[in-house]
Amino acid sequence: MGIQRMDHAGLTVTDMDAAVAFFTALGMENAGGTSVAGEDVDRIVGLDGVRSDVVMLQTPDGHNRIELSSFSAPPAEPGPGRALINVVGLRHVCFQVDDMDATIAIAREHGAELVREVVTWGSAFKLCYLWGPEGIIVELAEKL
């Protein structure tokens, strides 16, 4: 008995609308949202008095999801901002894309910036890191 599959990764944001707009512009699909609160939520997440809005986004193939959470109570704690990849913790999410340049252009329309540059990795991939919403590192990979 062990892990069957990865269900989702959770990202906490303060501007839900901007985060949803960013990830859907990249091609993720909004799989629905809800508000959560109550004793069961408090017990699961280890906080008291939780009130949070949650939106699930999924990749077009339906296999991978991101859960965006925005807390109205208790108030969101400031994160590390633009913490680089060597800072301990969940540091990035990666998406395979079909057109690196077009995807970067769309991401930039939503405030994203390249961490440094696009690199061709051998003969297999073009790769880059972007600063996405809330300082989240988004890696893009285009198979060559």
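A residue counts as exposed when its relative accessible area is over 50%, and as buried when that value is under 20%; the exercises below apply these cut-offs to a predicted model.

**Exercise 1.** Determine which residues of helix α3 are buried, which are exposed on the other side, and what the buried ones pack against.

*Solution.* Begin with the residues under the 20% cut-off: in α3, which spans residues 100-109, these are Met100, Thr103, Ile104 and Ala107. They cover an arc of only 100° around the axis, which puts them on the same side of α3. In general, an α-helix has 3.6 residues a turn, so residues three or four places apart point the same way. Next, turn to the other side of α3, where Asp101 and Glu109 are exposed. Finally, follow the buried residues of α3 outwards to their partners, which are α1 (16-25), β5 (92-97), β6 (113-114), β8 (125-131) and β9 (137-143).

**Exercise 2.** Describe what is found at the start of α3 and just after it.

*Solution.* At the start, a side-chain oxygen of Asp99 comes to within 3.2 Å of the backbone nitrogen of Asp101. Just after the helix, Gly111 adopts a positive phi of about 90°.

**Exercise 3.** Work out the strand order of the four-stranded open sheet and place α1 relative to its strands.

*Solution.* The order is β1-β4-β3-β2, with mixed pairing, and the edge strands, each pairing on one side only, are β1 (9-12) and β2 (29-37). Now take β1 and β4 (residues 65-73), which run parallel and are joined by four bridges; here Thr12 stands opposite Ser69 in β4. Last, α1 lies across β1, β2, β3 (51-58) and β4, running at about 170° to β4.

Methods
Residues numbered from 1 in each chain as written. Predicted model: local features only at pLDDT ≥ 70, side-chain atom pairs only at ≥ 80, totals over all residues. Heavy atoms only, no water. Buried < 20%, exposed > 50% of the residue type's maximum accessible area, 1.4 Å probe, protein only. Helix = DSSP H or I, 4+ residues; strand = E, 2+ residues; numbered from the N terminus. Arc of directions from axis to C-beta. Contact = heavy atoms within 4.5 Å. Polar contact = N/O pair within 3.5 Å; in protein donor to acceptor, adjacent residues only side chain to side chain. Pairing = 2+ DSSP bridges. Axes fitted to C-alpha atoms, helices over the stretch in contact; angles between N-to-C directions.
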